[in-house]
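Student: Could you take me slowly through the salt bridges of this model, staying with one part until I can find my way around it? I am new to this structure, so please explain each term when you use it.

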Amino acid sequence: MTGWTARESGRVSLFLAAAMTGVLVIIGLAYDGAGQLRSLQRADDLAAEAARSGGQVIDRARAIEGGPKQIDEPGARAAVDTYLAAAGGVLDHDVSFPVVDGEKQIQVRVRITYRRAMLGLFGFGTTVTVTGEATARALTGAP
């Protein structure tokens, strides 16, 4: 005989069920946390590349006439839209043109959504929106 009584049967199973739930939550936090960080990095990368593509569009007519080489706002917006449409997965984006020390720059803010794989099972939201932002300027002088 093992020394167990009928009252004690099943208690280890209850403990293991509670412990496994905790372990699954920790695994879900690690897995979905890493996924959210990858999405944040992707949003930053998309914003940087979109700003780069928009920053390459300068006002050619003004530059040919000898005027300042500035970013062409409508052309830059179109270049950003084209790049982000080709990249895919972008929920929304904003483009602005701040002027810093008399120089027009392009700033792109990108929002993408990450779908949680495990934390949605434990009452957390099933999606989270992350934002990436980057600023670029047109380099017109010699390197």
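Tutor: Asp92 has a relative accessibility of 35%, so it counts as partly exposed, where buried means under 20% relative accessible area, exposed means over 50%, and partly exposed lies in between (1.4 Å probe, protein chains only). Before going further, please keep in mind that this is a predicted model, in which local features need pLDDT of at least 70 and side-chain atom pairs count only at pLDDT 80 or more, while totals for chains, interfaces and linings use all residues. Residues are numbered from 1 along each chain as its sequence is written, and side-chain values use heavy atoms, with hydrogens and water left out.

The side chain of Asp92 forms a salt bridge with that of Arg111, at 2.7 Å from N to O. Asp92 belongs to strand β1 (residues 92–96) and Arg111 to strand β3, so this pair ties together parts that are 19 residues apart in sequence. The term salt bridge is used here for a side-chain nitrogen of Lys or Arg within 4 Å of a carboxyl oxygen of Asp or Glu, and strands are DSSP runs of E with at least two residues, numbered from the N terminus. In general, side chains of opposite charge can pair when their charged atoms come close.

Arg111 itself, with 18% relative accessibility, counts as buried. Its side chain also meets that of Asp94 in a salt bridge, with 3.1 Å from N to O. Because Asp94 lies in strand β1 and Arg111 in strand β3, this pair ties together parts that are 17 residues apart in sequence. Asp94 counts as partly exposed, because its relative accessibility is 34%. Taken together, Asp92, Asp94 and Arg111 are linked in a network of salt bridges.

Strand β3 also takes part in another pairing, in which the side chains of Arg109 and Glu133 form a salt bridge at 2.7 Å, again from N to O. This pair links distant parts of the chain, since Arg109 is in strand β3 and Glu133 is in strand β4 (residues 127–137), 24 residues apart. Arg109 counts as partly exposed because its relative accessibility is 33%, and Glu133, at 38%, counts as partly exposed as well. By the rule given above, the count for the model comes to six salt bridges, among them the pairs Asp92 with Arg111, Asp94 with Arg111, and Arg109 with Glu133.

Technical notes. Helices (H or I, at least four residues) and strands (E, at least two) are DSSP runs, numbered from the N terminus.
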